[in-house]
Amino acid sequence: MTDIFLKIINREIPAYIVYEDSDFLAFLDINPVVPGHTLLIPKVCIDYFYDLDNQTLSNMIICSKKISEGIQKTFHCKKVGTAVIGLDVKHAHMHLIPLNAVEDFNFSKHIQLPQHEMMKICNNIKNNINT
Ligand code: AMP
């Protein structure tokens, strides 16, 4: 089965990338639940989050903190919510979501933002992540 996120890692398809290092990549969710909804993935191709080795898992949590701080700085949201679902895309990932109300954490309600808006959000988060 095609790993769509591997295609993003390999730059075979475009994405709004906000962060990259040797082990992880973060980019905007193409169908966000709220503006700023970001996905953090490991570069290693593993389907289930909890099948990642312990070192990768702990590094990923530390990396998610860095990305979340960039999201928080961008949106001035109350919290950044974290979710692991993985029912759709078979490449481990964390959802990082700017939250002001519990309703913001609704995965049955996706939105679509125009390209220029996604680009603006991407650049703002990128600039607010301390590397
Ligand atoms: P899940 O596997 O249920 O955690 O959901 C996968 C998430 O990946 C969904 O929120 C999708 O909108 C998102 N997604 C799927 N394809 C892409 C893509 N090419 N670029 C960015 N986000 C994507």
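Does Cys-77 count as buried or exposed, and at what relative accessibility? In this predicted model, Cys-77 counts as buried because its relative accessibility is 5%, and a residue is called buried when that value lies under 20%.

The surroundings of the cysteine sulfurs can be followed from there. For Cys-77, the closest cysteine sulfur belongs to Cys-122 and lies 17 Å away, which is too far for a bond. Cys-122 in turn has its closest cysteine sulfur in Cys-63, at 15 Å, and this distance is likewise too far for a bond. Cys-122 also counts as buried, because its relative accessibility is 3%. Since a disulfide requires a pair of cysteine sulfur atoms within 2.5 Å, neither of these distances, 17 Å for Cys-77 and 15 Å for Cys-122, meets the rule, and the count for the model comes to 0 disulfides.

A separate feature to look at is the largest pocket, which holds about 420 Å³ of space. It is lined by 22 residues, of which Phe-5, Asp-29, Leu-39, Asp-88 and Val-89 are the closest to its centre. The elements that give two or more residues to this lining are helix 1, spanning residues 4-9, and strand 2, spanning residues 24-28, and helix 1 provides the largest share, with 3 residues. By residue class, the lining of the largest pocket divides into 15 nonpolar, 5 polar and 2 charged residues.

Methods. Residues numbered from 1 in each chain as written. Predicted model: local features only at pLDDT ≥ 70, side-chain atom pairs only at ≥ 80, totals over all residues. Heavy atoms only, no water. Buried < 20%, exposed > 50% of the residue type's maximum accessible area, 1.4 Å probe, protein only. 1 Å grid on protein atoms, 1.4 Å probe; cavity = no way out; pocket = protein on both sides within 12 Å on 5 of 7 lines; lining within 4 Å. Points joined across faces, edges and corners; volume = space filled by probe spheres on them. Helix = DSSP H or I, 4+ residues; strand = E, 2+ residues; numbered from the N terminus. Nonpolar A, V, L, I, M, F, W, Y, C, P; charged D, E, K, R; others polar.
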